[in-house]
Amino acid sequence: MRGILHPAPVRTATGADAEALYALSAPFMRSGALRPRTVADYRRAGEHFLVVPGVGPDGSLDGCVALRALPPEPEHPATGLLHNFCVRDGRQGAGLGSRLLAALLAEAARCGLRTLVTASTGDGALFLRGGFREIPVALAPRGWAAGLDPARGSRVFTLNLAAEG
């Protein structure tokens with residue numbers, strides 16, 4: 001299925017998606033790419049997620065990404081955090097990540113965010129293709145960056161949405 005676009009639309013998650021969000025994210029938590037979370041964590045944060053439903057009738061998800069506004073800081077007003085970006089193994093390379101990222105960027109702009117930040121334990125290729133640039137942790141919003149675990153080896157990326165429009 002690599003290279004074939006997924007027919008399901010990107011939609012906003014609901015509380016009913018909590019178990020499916022957890023199931024999709026669990027392999028990434030086990031690998032260390034995501035921090036451990038519970039189904040209850042996904043239930044509380046559900047409305048912050050955009051999802052791509054799976055093709056079957058089982059209620060599974062093929063992809064997700066979350067967006068939340070960070071508390072304003074003097075050097076970082078109107079900054080959003082992109083996090084928990086997952087595409088199901090076997091569906092990667094089919095354009096789902098790019099579709100989720102495009103939907104998230106539209107949502108961030110709709111919410112009045114001017115900048116996005118994210119961290120990745122991977123190579124960040126999708127973020128770089130999407131216009132993000134890698135920055136030192138010291139240039140990221142302090143309140144968020146203070147919670148990064150240096151042992152995870154995360155790379156930090158940012159995108160200036162004001163420059164995109």
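Start by selecting L100 in this predicted model. Leaving aside residues up to four places away in sequence, L100 touches V10, L50, V51, V52, G63, C64, V65, F85, C86 and V87. Show those as sticks and keep them on screen.

Now widen the selection to the largest nonpolar core, which has 20 residues. Colour V65, L82, F85, L100, L104, L116 and F132, since these are the members that touch the most other members. To see where the core comes from, bring up the elements that each supply at least two of its residues: β2 (49-53), β3 (61-69), β4 (79-87), α3 (96-110) and β7 (155-160). Which element gives the largest share of this core? That's α3, with five residues.

Next, pick L21, L24, L61 and C64. They're among the 16 residues of a second, separate core. In general, nonpolar side chains in soluble globular proteins tend to be buried together.

L21 and L24 also take you to the next stop: both are on the list of buried residues of helix α1, along with A18, A20, S25, A26, F28 and M29. Select residues 18-31 to get the whole helix, 14 residues in all. Its first and last C-alpha are 20 Å apart, close to the 20 Å expected at 1.5 Å a residue. What do the buried residues of α1 pack against? Turn on α2 (39-45), β2, β3 and β4 and you'll have the partners.

Zoom in on S25, where α1 has a kink of about 40°. The proline P27 follows shortly after that kink. Finish at G32, which comes after α1 and has a positive phi, near 95°.

Note on methods. Residues are numbered from 1 along each chain as its sequence is written. This is a predicted model: local features need pLDDT of at least 70, side-chain atom pairs count only at pLDDT 80 or more; totals for chains, interfaces and linings use all residues. Side-chain values use heavy atoms; hydrogens and water are left out. A nonpolar core is a set of buried Ala, Val, Leu, Ile, Met, Phe, Trp, Tyr and Cys residues joined through side-chain atoms within 4.5 Å. Buried means under 20% relative accessible area, exposed over 50%, partly exposed in between (1.4 Å probe, protein chains only). Helices (H or I, at least four residues) and strands (E, at least two) are DSSP runs, numbered from the N terminus. Contact means heavy atoms within 4.5 Å. The expected span of a helix is 1.5 Å times one less than its number of residues. The bend at a residue is the angle between axes fitted to the seven residues ending there and the seven starting there.
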